[in-house]
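Let's take a relaxed walk through this fold. Have a look at the picture before reading on.

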Amino acid sequence: MTSPPRGQRRGWRPLAALAALGLLAGTPHPAAAAQTVGGRDASPVLGQWETRQHDGVFEIKPCGGELCGRLIGMRYTGEIPRARDGGSECGLLMLTGFVPDEDDAARWNGHILDPDSGKVYQAQIWSPRDGVLKLRGYVGIPLFGETHTWTRYGGTIGARCQMP
């Protein structure tokens with residue numbers, strides 16, 4: 001895992017441990033009525049989610065006929081953290097291609113980007129109860145993975161993607 005060239009942040013790396021394998025506290029669901037994606041109610045997983053280490057916030061929303069998630073807030077000091085390509089990590093699309101699981105109506109299957117390595121891994125997301133999101137990143141089959149628990153984010157995001 002590499003450190004950003006400028007600034008300091010607390011190790012929020014979502015799936016840094018996924019190489020060996022590694023990623024939210026409470027806003028309400030989006031104000032609109034339940035949103036359907038791929039013929040399934042997506043509202044339990046939509047919204048802003050804080051990472052388990054409370055140092056990153058992702059927004060999950062519909063992207064065409066799928067769900068996707070961007071990094072919209074980070075806890076850091078100094079300069080804004082930089083992605084592998086040198087651009088800002090703020091707004092980085094890290095969760096992509098989430099579609100309903102054929103066998104489990106509560107789960108969504110897609111991909112997650114590890115911004116340190118540039119590798120993309122398979123992932124699942126689901127909400128076992130209100131205000132909680134589970135993210136499981138894996139290689140090959142879900143058995144070979146790691147699950148993180150995120151919570152709905154109810155705070156604010158300051159200038160430059162900075163969390164208070």
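Here, buried means under 20% relative accessible area, exposed means over 50%, and partly exposed is in between (1.4 Å probe, protein chains only). This is a predicted model, where local features need pLDDT of at least 70, side-chain atom pairs count only at pLDDT 80 or more, and totals for chains, interfaces and linings use all residues. Residues are numbered from 1 along each chain as its sequence is written, and side-chain values use heavy atoms, with hydrogens and water left out.

By that yardstick D116 counts as buried, because its relative accessible area is 11%. You'll find D116 in the loop between β9 and β10. R82 sits 34 residues from D116 in sequence, and their C-alpha atoms are 10.0 Å apart.

Now for the strands, which are DSSP runs (E, at least two residues) numbered from the N terminus. A barrel is closed by 8 of them, in the order β4-β5-β6-β8-β9-β10-β11-β12, with antiparallel pairing. (Two strands pair if DSSP finds at least two bridges between them.) One such pair is β10 and β11, antiparallel over 6 bridges, and there W126 stands opposite K134 in β11.

| Strand | Residues |
|---|---|
| β9 | 107-113 |
| β10 | 120-129 |
| β11 | 132-138 |

What about the inside? The largest nonpolar core (buried Ala, Val, Leu, Ile, Met, Phe, Trp, Tyr and Cys residues joined through side-chain atoms within 4.5 Å) has 27 residues, and I60, L67, W108, I125 and W150 touch the most other members. β5, β6, β8, β9, β10 and β11 each supply at least two residues of this core.

Terms used. Helix = DSSP H or I, 4+ residues; strand = E, 2+ residues; numbered from the N terminus.
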